[in-house]
Amino acid sequence: MAEPAAKIVVDGVTKIYRTRKRRDSFLGRFLPDLRPKIMELKAVDNVSLEIASGDFVAIIGPSRCGKTTVLRMMDGLIFPDSGQVLVNGTPVTGPRAECGFIFQDFGLYPWRTVIDNVAFGPELHGVPKNVRYELARKHINLVGLKGFESAFPHQLSGGMQQRVGIARMLASEPEIMLMDEPFGALDALTRRTMQFELIRILAAEGSATSVFVTHDLDEAILLGDKVVIMSAWPGRVKEIVPVPFPRAERGEALLESKLFAELRHHLWVGVHEEQLASEA
Ligand SMILES: Nc1ncnc2c1ncn2[C@@H]1O[C@H](COP(=O)(O)OP(=O)(O)O)[C@@H](O)[C@H]1O
Ligand SMILES: [Mg+2]
(Lines give C-alpha, C1' and ligand atoms only; values in the text may rest on other atoms or scores of the structure.)
(Ligands and ions follow the chains in the order given, each with its own letter.)
Protein backbone atom coordinates (compact mmCIF):
# COMPACT_ATOMS: atom_id res chain seq x y z
CA MET A 1 0.00 0.00 0.00
CA ALA A 2 1.24 3.50 -0.84
CA GLU A 3 2.34 5.67 2.09
CA PRO A 4 -0.15 8.48 2.77
CA ALA A 5 1.19 11.93 1.84
CA ALA A 6 1.37 13.04 5.48
CA LYS A 7 1.40 11.17 8.78
CA ILE A 8 -0.93 13.65 10.47
CA VAL A 9 -3.30 15.97 8.64
CA VAL A 10 -5.24 18.59 10.57
CA ASP A 11 -7.73 19.82 8.03
CA GLY A 12 -9.63 23.04 8.76
CA VAL A 13 -10.34 22.09 12.36
CA THR A 14 -12.53 24.17 14.66
CA LYS A 15 -13.21 23.19 18.26
CA ILE A 16 -15.88 24.74 20.44
CA TYR A 17 -16.10 23.86 24.15
CA ARG A 18 -19.55 24.01 25.64
CA THR A 19 -19.85 24.44 29.36
CA ARG A 20 -22.83 24.92 31.60
CA LYS A 21 -22.96 28.08 33.57
CA ARG A 22 -24.87 27.02 36.66
CA ARG A 23 -27.64 29.05 38.15
CA ASP A 24 -28.33 27.51 41.47
CA SER A 25 -31.43 29.43 42.50
CA PHE A 26 -34.65 27.67 43.44
CA LEU A 27 -36.59 29.80 40.94
CA GLY A 28 -34.18 28.74 38.18
CA ARG A 29 -35.89 25.33 38.13
CA PHE A 30 -39.13 26.92 37.00
CA LEU A 31 -38.20 30.02 35.05
CA PRO A 32 -36.61 29.22 31.69
CA ASP A 33 -34.43 32.34 31.55
CA LEU A 34 -32.87 31.42 34.89
CA ARG A 35 -31.99 27.85 33.86
CA PRO A 36 -28.31 26.97 33.37
CA LYS A 37 -26.89 28.65 30.31
CA ILE A 38 -24.62 26.89 27.86
CA MET A 39 -21.49 28.94 27.34
CA GLU A 40 -19.66 28.40 24.08
CA LEU A 41 -15.94 28.97 23.75
CA LYS A 42 -14.23 28.64 20.39
CA ALA A 43 -10.83 27.26 21.38
CA VAL A 44 -9.32 26.76 17.91
CA ASP A 45 -10.51 28.19 14.64
CA ASN A 46 -9.91 26.62 11.23
CA VAL A 47 -6.50 25.11 12.03
CA SER A 48 -4.76 23.25 9.21
CA LEU A 49 -1.42 21.47 9.51
CA GLU A 50 0.32 18.68 7.64
CA ILE A 51 2.97 16.72 9.48
CA ALA A 52 5.18 14.41 7.47
CA SER A 53 6.29 11.02 8.72
CA GLY A 54 9.36 11.37 10.95
CA ASP A 55 8.96 15.14 11.34
CA PHE A 56 9.37 16.88 14.68
CA VAL A 57 6.93 19.79 14.89
CA ALA A 58 7.03 22.23 17.79
CA ILE A 59 3.93 24.31 18.53
CA ILE A 60 4.26 27.63 20.33
CA GLY A 61 1.73 30.32 21.14
CA PRO A 62 0.31 32.30 24.06
CA SER A 63 -1.41 30.54 26.94
CA ARG A 64 -4.95 29.34 26.24
CA CYS A 65 -4.58 29.69 22.47
CA GLY A 66 -5.57 26.05 21.99
CA LYS A 67 -2.25 24.16 21.80
CA THR A 68 -3.38 21.37 24.12
CA THR A 69 -6.70 21.21 22.28
CA VAL A 70 -4.93 20.58 18.95
CA LEU A 71 -2.76 17.86 20.51
CA ARG A 72 -5.73 16.11 22.13
CA MET A 73 -7.59 16.07 18.82
CA MET A 74 -4.59 14.30 17.26
CA ASP A 75 -4.79 11.69 20.02
CA GLY A 76 -8.54 11.20 19.60
CA LEU A 77 -9.33 12.30 23.16
CA ILE A 78 -11.56 15.11 21.91
CA PHE A 79 -13.14 15.77 18.53
CA PRO A 80 -13.45 18.80 16.29
CA ASP A 81 -16.79 20.51 15.66
CA SER A 82 -15.84 20.98 12.04
CA GLY A 83 -12.93 19.86 9.91
CA GLN A 84 -11.11 16.62 10.59
CA VAL A 85 -7.88 15.08 11.82
CA LEU A 86 -6.39 12.23 9.81
CA VAL A 87 -3.64 9.89 10.99
CA ASN A 88 -2.11 7.64 8.35
CA GLY A 89 -4.85 8.85 6.02
CA THR A 90 -7.68 7.70 8.32
CA PRO A 91 -9.98 10.01 10.34
CA VAL A 92 -9.27 9.87 14.08
CA THR A 93 -12.30 8.47 15.88
CA GLY A 94 -10.82 7.68 19.30
CA PRO A 95 -7.57 7.09 21.20
CA ARG A 96 -5.18 5.00 19.17
CA ALA A 97 -2.34 2.65 19.96
CA GLU A 98 0.05 4.34 17.55
CA CYS A 99 0.03 7.56 19.60
CA GLY A 100 2.05 8.04 22.79
CA PHE A 101 1.59 11.03 25.09
CA ILE A 102 3.82 12.80 27.62
CA PHE A 103 2.28 15.26 30.04
CA GLN A 104 3.67 18.29 31.82
CA ASP A 105 2.90 16.84 35.26
CA PHE A 106 4.61 13.53 34.30
CA GLY A 107 1.38 11.55 34.80
CA LEU A 108 3.11 8.69 36.63
CA TYR A 109 1.27 6.33 38.97
CA PRO A 110 2.69 7.03 42.45
CA TRP A 111 1.95 3.47 43.63
CA ARG A 112 3.87 1.84 40.79
CA THR A 113 7.64 1.48 40.66
CA VAL A 114 9.65 2.92 37.77
CA ILE A 115 9.62 -0.35 35.84
CA ASP A 116 5.91 -0.93 36.48
CA ASN A 117 5.15 2.61 35.30
CA VAL A 118 7.17 2.12 32.12
CA ALA A 119 5.67 -1.32 31.46
CA PHE A 120 2.21 0.21 31.80
CA GLY A 121 2.35 1.69 28.26
CA PRO A 122 2.73 -1.68 26.51
CA GLU A 123 0.42 -3.30 29.11
CA LEU A 124 -2.39 -1.03 27.87
CA HIS A 125 -1.82 -2.42 24.41
CA GLY A 126 -2.00 -6.02 25.58
CA VAL A 127 1.71 -6.82 25.19
CA PRO A 128 2.56 -10.06 27.08
CA LYS A 129 4.26 -9.62 30.46
CA ASN A 130 7.76 -10.86 29.57
CA VAL A 131 7.89 -8.75 26.41
CA ARG A 132 6.66 -5.59 28.12
CA TYR A 133 9.21 -5.89 30.94
CA GLU A 134 11.93 -6.42 28.36
CA LEU A 135 10.75 -3.28 26.53
CA ALA A 136 10.59 -1.41 29.85
CA ARG A 137 14.18 -2.36 30.78
CA LYS A 138 15.47 -1.36 27.36
CA HIS A 139 13.88 2.08 27.57
CA ILE A 140 14.82 2.65 31.21
CA ASN A 141 18.44 2.11 30.12
CA LEU A 142 17.97 4.43 27.14
CA VAL A 143 16.72 7.32 29.30
CA GLY A 144 19.58 6.82 31.78
CA LEU A 145 17.65 5.35 34.71
CA LYS A 146 19.35 1.95 34.99
CA GLY A 147 19.47 1.01 38.67
CA PHE A 148 16.23 2.87 39.50
CA GLU A 149 13.82 0.19 38.27
CA SER A 150 12.40 -0.46 41.76
CA ALA A 151 12.20 3.17 42.89
CA PHE A 152 8.85 4.89 43.32
CA PRO A 153 8.18 8.26 41.60
CA HIS A 154 8.33 10.24 44.88
CA GLN A 155 11.90 9.04 45.39
CA LEU A 156 13.00 10.66 42.11
CA SER A 157 13.76 14.27 41.11
CA GLY A 158 11.50 16.06 38.61
CA GLY A 159 13.95 15.44 35.76
CA MET A 160 14.14 11.73 36.60
CA GLN A 161 10.35 11.48 36.80
CA GLN A 162 10.05 12.95 33.33
CA ARG A 163 12.69 10.47 32.11
CA VAL A 164 10.27 7.79 33.34
CA GLY A 165 7.49 9.54 31.39
CA ILE A 166 9.62 9.46 28.24
CA ALA A 167 10.55 5.80 28.77
CA ARG A 168 6.89 4.88 29.26
CA MET A 169 5.94 6.59 26.02
CA LEU A 170 8.81 4.96 24.10
CA ALA A 171 8.11 1.50 25.53
CA SER A 172 4.79 1.48 23.65
CA GLU A 173 6.84 1.95 20.47
CA PRO A 174 4.47 4.66 19.21
CA GLU A 175 4.52 5.87 15.62
CA ILE A 176 3.48 9.30 16.87
CA MET A 177 4.67 11.04 20.01
CA LEU A 178 2.54 13.85 21.38
CA MET A 179 4.23 15.93 24.06
CA ASP A 180 2.42 18.69 25.92
CA GLU A 181 4.94 20.98 27.61
CA PRO A 182 6.75 17.94 29.00
CA PHE A 183 9.54 20.00 30.57
CA GLY A 184 7.31 22.82 31.83
CA ALA A 185 7.53 21.76 35.47
CA LEU A 186 11.34 21.51 35.54
CA ASP A 187 13.87 24.10 36.68
CA ALA A 188 15.88 25.85 33.94
CA LEU A 189 19.03 23.72 34.29
CA THR A 190 17.22 20.40 34.39
CA ARG A 191 15.09 21.55 31.49
CA ARG A 192 18.14 22.27 29.32
CA THR A 193 19.62 18.88 30.23
CA MET A 194 16.35 17.16 29.31
CA GLN A 195 16.19 18.96 25.95
CA PHE A 196 19.59 17.55 25.01
CA GLU A 197 18.60 14.18 26.45
CA LEU A 198 15.45 14.08 24.32
CA ILE A 199 17.52 14.88 21.21
CA ARG A 200 19.89 12.01 22.10
CA ILE A 201 17.07 9.59 22.89
CA LEU A 202 15.13 10.34 19.70
CA ALA A 203 18.29 9.97 17.62
CA ALA A 204 18.81 6.52 19.18
CA GLU A 205 15.19 5.53 18.85
CA GLY A 206 14.54 6.18 15.16
CA SER A 207 11.90 7.92 13.20
CA ALA A 208 8.68 8.50 15.15
CA THR A 209 6.66 11.56 14.19
CA SER A 210 6.62 14.07 17.04
CA VAL A 211 4.43 17.00 18.01
CA PHE A 212 5.73 19.03 20.91
CA VAL A 213 3.97 21.94 22.63
CA THR A 214 6.17 24.41 24.47
CA HIS A 215 6.44 28.01 25.69
CA ASP A 216 10.22 27.90 25.42
CA LEU A 217 11.51 29.34 22.14
CA ASP A 218 15.01 27.79 22.48
CA GLU A 219 13.38 24.42 23.13
CA ALA A 220 11.19 24.77 20.03
CA ILE A 221 14.22 25.50 17.82
CA LEU A 222 16.51 22.92 19.44
CA LEU A 223 14.00 20.13 18.98
CA GLY A 224 11.83 21.12 16.04
CA ASP A 225 12.20 20.62 12.31
CA LYS A 226 9.39 23.14 12.04
CA VAL A 227 7.91 25.57 14.54
CA VAL A 228 4.21 26.39 14.30
CA ILE A 229 3.30 29.77 15.78
CA MET A 230 -0.33 29.88 16.88
CA SER A 231 -2.30 33.09 17.15
CA ALA A 232 -3.98 34.34 20.30
CA TRP A 233 -7.33 32.82 21.26
CA PRO A 234 -9.13 31.46 19.33
CA GLY A 235 -6.09 29.61 18.06
CA ARG A 236 -5.21 29.73 14.39
CA VAL A 237 -1.99 28.88 12.61
CA LYS A 238 -0.14 32.17 12.29
CA GLU A 239 3.08 30.97 10.71
CA ILE A 240 5.05 27.78 10.12
CA VAL A 241 8.76 28.44 10.49
CA PRO A 242 11.21 25.83 9.15
CA VAL A 243 14.28 25.16 11.32
CA PRO A 244 17.33 24.86 9.06
CA PHE A 245 19.69 23.00 11.44
CA PRO A 246 20.47 19.31 10.83
CA ARG A 247 19.61 17.07 13.82
CA ALA A 248 23.29 16.25 14.36
CA GLU A 249 24.03 19.94 15.04
CA ARG A 250 21.43 20.32 17.80
CA GLY A 251 23.81 20.93 20.70
CA GLU A 252 25.21 23.51 23.08
CA ALA A 253 27.21 25.31 20.36
CA LEU A 254 24.11 25.88 18.24
CA LEU A 255 22.55 27.95 21.03
CA GLU A 256 25.37 30.48 20.64
CA SER A 257 25.14 30.80 16.85
CA LYS A 258 23.96 33.94 15.06
CA LEU A 259 21.41 32.06 12.98
CA PHE A 260 19.90 30.54 16.13
CA ALA A 261 19.61 34.02 17.69
CA GLU A 262 17.93 35.36 14.55
CA LEU A 263 15.45 32.54 14.51
CA ARG A 264 14.73 32.98 18.22
CA HIS A 265 14.10 36.69 17.60
CA HIS A 266 11.72 35.92 14.74
CA LEU A 267 9.72 33.53 16.94
CA TRP A 268 9.77 35.99 19.83
CA VAL A 269 8.30 38.79 17.69
CA GLY A 270 5.62 36.43 16.35
CA VAL A 271 4.57 35.06 19.75
CA HIS A 272 4.92 38.36 21.59
CA GLU A 273 2.45 40.05 19.23
CA GLU A 274 -0.02 37.29 19.99
CA GLN A 275 0.66 37.49 23.72
CA LEU A 276 -0.16 41.21 23.65
CA ALA A 277 -3.30 40.51 21.58
CA SER A 278 -4.43 37.91 24.13
CA GLU A 279 -3.96 40.41 26.99
CA ALA A 280 -5.80 43.22 25.20
N1 LIG B 1 -12.52 20.90 28.71
C2 LIG B 1 -12.68 22.20 28.48
N3 LIG B 1 -13.87 22.79 28.68
C4 LIG B 1 -14.06 24.11 28.46
N5 LIG B 1 -13.09 24.94 28.03
C6 LIG B 1 -11.87 24.42 27.80
C7 LIG B 1 -11.59 23.03 28.03
N8 LIG B 1 -10.28 22.78 27.72
C9 LIG B 1 -9.78 23.98 27.33
N10 LIG B 1 -10.71 24.95 27.38
C11 LIG B 1 -10.53 26.35 26.99
O12 LIG B 1 -10.10 26.38 25.63
C13 LIG B 1 -9.08 27.35 25.45
C14 LIG B 1 -7.84 26.67 24.90
O15 LIG B 1 -7.32 25.79 25.89
P16 LIG B 1 -6.01 24.92 25.69
O17 LIG B 1 -6.13 24.11 24.47
O18 LIG B 1 -5.76 24.21 26.97
O19 LIG B 1 -4.90 26.07 25.46
P20 LIG B 1 -3.31 26.03 25.64
O21 LIG B 1 -2.85 24.62 25.73
O22 LIG B 1 -2.80 26.77 24.44
O23 LIG B 1 -3.00 26.82 26.89
C24 LIG B 1 -8.86 28.02 26.80
O25 LIG B 1 -9.60 29.22 26.83
C26 LIG B 1 -9.41 27.04 27.78
O27 LIG B 1 -9.90 27.66 28.93
MG1 LIG C 1 -1.87 23.60 27.22
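A residue counts as buried under 20% relative accessible area, as exposed over 50%, and as partly exposed in between. The exercises below apply this and related criteria to a predicted model.

**Exercise 1.** Determine whether Phe101 and Phe103 are buried, exposed or partly exposed, and classify their ring pair.

*Solution.*
Step 1. Phe103 has a relative accessible area of 35%. This value lies between the two limits of 20% and 50%, so Phe103 is partly exposed.
Step 2. Phe101 has a relative accessibility of 13%. Because this is under 20%, Phe101 is buried.
Step 3. The ring centres of Phe101 and Phe103 are 4.8 Å apart, and the angle between the planes is 15°. Planes under 30 degrees apart count as stacked, and the pair of Phe101 and Phe103 is accordingly stacked.

**Exercise 2.** Classify the ring pair of Phe56 and Phe212, and locate both residues in the chain.

*Solution.*
Step 1. The structure holds 6 aromatic pairs. In the pair of Phe56 and Phe212, the ring centres are 5.7 Å apart and the planes meet at 40°, so the pair is tilted.
Step 2. Phe56 belongs to strand S3 (residues 56-60) and Phe212 to strand S8 (residues 209-213). The two residues are 156 residues apart, and their pair thus links distant parts of the chain.
Step 3. Phe56 has 3% relative accessibility and therefore counts as buried. Phe212, at 0%, is buried as well.
Step 4. Ring pairs also bring in Phe183, giving a cluster of Phe56, Phe183 and Phe212.

**Exercise 3.** Describe the surroundings of Lys7.

*Solution.*
Step 1. Lys7 is located in the segment before strand S1 (8-21).
Step 2. The relative accessibility of Lys7 is 12%, so this residue counts as buried.
Step 3. Apart from neighbours within four places in sequence, the contacts of Lys7 include Ile51, Ala52, Leu86, Val87 and Glu175.
Step 4. With Glu175, the contact is also polar: the two side chains approach to 2.6 Å.

**Exercise 4.** State which residues offer polar atoms to oxygen atoms of ligand 1, and how much of the ligand the protein covers.

*Solution.*
Step 1. Among the residues around ligand 1 are Tyr17, Leu41, Arg64, Lys67, Thr68 and Thr69.
Step 2. A polar backbone atom of Arg64 lies 2.7 Å from an oxygen atom of the ligand.
Step 3. Side-chain N or O atoms lie 2.8 Å from a ligand oxygen in the case of Thr68, and 2.5 Å in the case of Thr69.
Step 4. On its own, ligand 1 has 560 Å² of accessible area, of which the protein covers 71%.

Notes:
Residues are numbered from 1 along each chain as its sequence is written. Chains are lettered from A and ligands numbered from 1 in the order in which they are written. This is a predicted model: local features need pLDDT of at least 70, side-chain atom pairs count only at pLDDT 80 or more; totals for chains, interfaces and linings use all residues. Side-chain values use heavy atoms; hydrogens and water are left out. Helices (H or I, at least four residues) and strands (E, at least two) are DSSP runs, numbered from the N terminus. Buried means under 20% relative accessible area, exposed over 50%, partly exposed in between (1.4 Å probe, protein chains only). A polar contact is a pair of N or O atoms within 3.5 Å; within protein, one must be able to donate a hydrogen and the other to accept it, and residues adjacent in sequence count only if both atoms are side-chain atoms. Contact means heavy atoms within 4.5 Å. Rings of Phe, Tyr and Trp (its six-membered ring) pair if their centres lie within 6.5 Å; planes under 30 degrees apart count as stacked, over 60 as edge-to-face and the rest as tilted. A residue is near a molecule or strand if one of its heavy atoms lies within 4 Å of it. Accessible areas come from the Shrake-Rupley method with a 1.4 Å probe; for residues, only the protein chains shown count as cover.
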